[in-house]
Amino acid sequence: MTPTLPELTRTFARIGCLSFGGPAAQIALMHRTLIDEKQWVSEPDYLRALSFCMLLPGPEAMQLATWIGWRLHGVRGGLIAGGLFVLPGALVVLILSMIYAAYGTLPLVAALFTGVQAAVVAVVIEALIRVSKRALKSRAAYVIAALAFTALFFLNAPFPLIIASAALYGFLTTRDLAELPDAPAFSVTAALKTASLWAVIWLAPLAALILFDTGILADIGTFFAKLAILTFGGAYAVLAWMAQDVVQVKGWLTLPQMIDGLGLAETTPGPLILVTQFVGYMAAHREGGPLLGLAAAAITLWMTFIPSFGFIFTGAPFIARLTAMPRLAGALAAITAAVVGVIANLSLWFALHVLFRTVATVEAGPLHFILPDLTSLNPVALLIGLAAAWLLLIRHTPLLWVLAISALASAVASLA
């Protein structure tokens, strides 16, 4: 069933407001809303598109939303879906960034965030369960998922290497090597035209800044333009590098400010990479106050998210062809299994950082992983997380209610 454009707009506005918990929870939320409830997209197409988005630099959940909008209503639908997926969270992060720059961290706000974080642990677990059930259909898929998790969590392996290895395995082990005769046509010329158009749209403002403004705005635009094409595997894959560069090399933020920015982005709707907006605002606010901060926030959003629209509108027609080419479809199936391991790694990383106040990095030979200090367990976060899991997984309480109850419970505990 194809929805009307107003219905598509309303649905993605709601998804954008409820997309807490990072890519794992966001992917599950879209699956539940758009496939289980509305049946706008078939599950095989959804999983193939997800695998394709995981190969691209940038926020995969936002790109997946853009693809769904494109699939239903072309470029206009893609712009609406992708835009509404980002804008609610961007507005919240901007407001909180302005409050933070003016007043610093407020205890009550921090307490509310703690409750939302604890609830998000349950959301992420639900996401992992849902995606696993649909993506792991064979023993080989389970092995791929387990190897992907092990390589990421214990060996700190590069994300592109994991995806490339899974794709190569799927490509080489697919038996049916013949391309189906009804494979949809794909125009290289049209793809190049689309890619060129979006490259101009993306880089024209940056070129203007470099020509007419050699100050902080041009520096911010250049930095986040580079970052946008390096964020393979979503925000988690690049956060450590970005934090180090922003704090130690450029000196835009202090380390505590960077950590607070990550906390804001993790507990607000939208992609985690929205932390770039916080960084851009704070860096420019430090130089010239709130008006310069607003300009930097807009530039940061443009540089960070416009490439994702270009990637999807250029490559989306290619996904349909992949589904008709057995070897490439086999590669995508293997990538989909690896994605389960990726989501499991993200889920565990997030849960440990929410439930424990101190999480250390352990390095022993080839091993490189995080280990919580058990004495730093946050009992309030644990209790709220367990209650949220019961409400969400057992009682099937609507997500917005779970988040609101969890935030309120944390605030009450803080006041007590």
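Reader: What makes the contact between the side chains of Arg 71 and Asp 45 a salt bridge?

Author: In this predicted model, the side chains of Arg 71 and Asp 45 meet at 2.9 Å, N to O. A salt bridge requires a side-chain nitrogen of Lys or Arg within 4 Å of a carboxyl oxygen of Asp or Glu, and therefore the contact is called one. The pair links distant parts of the chain, with Arg 71 in helix H4 and Asp 45 in helix H3, 26 residues apart.

Reader: What other salt bridge involves Asp 45, and at what N to O value?

Author: The side chains of Arg 48 and Asp 45 also meet in a salt bridge, here at 3.7 Å, N to O, and this value is within the 4 Å that the rule allows. Both Arg 48 and Asp 45 lie in helix H3, three residues apart, which is about one turn of the helix. By this rule the count comes to two salt bridges, and Asp 45, Arg 48 and Arg 71 are linked in a network of them.

Reader: How do you know whether Asp 45 is buried or exposed?

Author: Asp 45 has a relative accessible area of 19%, and it is therefore buried, since the term applies under 20%. For its partners the terms differ from buried: Arg 48, at 26% relative accessibility, counts as partly exposed, and Arg 71, at 41%, counts as partly exposed too, because that class runs between 20% and 50%.

Reader: Which residues form a nonpolar patch on the surface, and what makes Ile 95 fit to be part of it?

Author: The patch is formed by Leu 91, Ile 95, Ile 99 and Tyr 103, with about 420 Å² of accessible area together. Patch residues need over 30% relative accessible area, and Ile is among the nonpolar side chains that can be joined; Ile 95 stands at 42% relative accessibility, so it passes that cut-off and counts as partly exposed. Its place is in helix H4, which spans residues 60–103.

Reader: Why is the phi of Gln 39 worth a remark, and where does this residue lie?

Author: Gln 39 has a positive phi of about 55 degrees although it is not a glycine. Most residues other than glycine have a negative phi, and therefore a positive value is worth a remark. Gln 39 lies in the loop between H2 and H3, and with 56% relative accessibility it counts as exposed, because exposed means over 50%. Asn 156 also has a positive phi of about 55 degrees without being a glycine; its place is in the loop between H6 and H7, and at 48% relative accessibility it counts as partly exposed.

Reader: Why is Trp 40 called buried?

Author: Trp 40 is found in the loop between H2 and H3, yet its relative accessible area is 7%, and it is therefore called buried, the term for values under 20%. Trp 40 and Ala 122 are 82 residues apart in sequence and 26 Å apart in space, C-alpha to C-alpha.

Reader: What lines the second largest pocket, and how much space lies in it?

Author: About 360 Å³ of space lies in the second largest pocket, and 22 residues line it, of which Ala 135, Leu 332, Ala 333, Ala 334 and Thr 336 lie nearest its centre. Helices H3, H5, H6, H7 and H14 are the elements that give two or more residues to this lining, and H14 gives the most, with seven. By class, the lining has twelve nonpolar, seven polar and three charged residues.

Reader: What makes the second largest cavity a cavity, and which residues line it?

Author: A space is called a cavity because a 1.4 Å probe fits there but cannot get out, whereas a pocket is an open set. The structure holds six cavities of 30 Å³ or more, and about 50 Å³ of space lies in the second largest cavity. Among the residues that line it are Leu 18, Phe 20, Arg 32, Val 123, Glu 126, Arg 130 and Leu 399. Helix H2 and H5 each supply at least two residues of this lining, with H2 giving the most, four residues.

Reader: How do you know how the lining of the second largest cavity divides by class?

Author: Asp, Glu, Lys and Arg count as charged, and so Arg 32, Glu 126 and Arg 130 fall in that class. By class, the lining has seven nonpolar, no polar and three charged residues.

Key. Residues numbered from 1 in each chain as written. Predicted model: local features only at pLDDT ≥ 70, side-chain atom pairs only at ≥ 80, totals over all residues. Heavy atoms only, no water. Patch = residues over 30% accessible without salt bridge, like charges linked within 9 Å, V, L, I, M, F, W, Y side chains within 5 Å. Areas by Shrake-Rupley, 256 points an atom, 1.4 Å probe, with all protein chains shown as cover. Buried < 20%, exposed > 50% of the residue type's maximum accessible area, 1.4 Å probe, protein only. 1 Å grid on protein atoms, 1.4 Å probe; cavity = no way out; pocket = protein on both sides within 12 Å on 5 of 7 lines; lining within 4 Å. Points joined across faces, edges and corners; volume = space filled by probe spheres on them.
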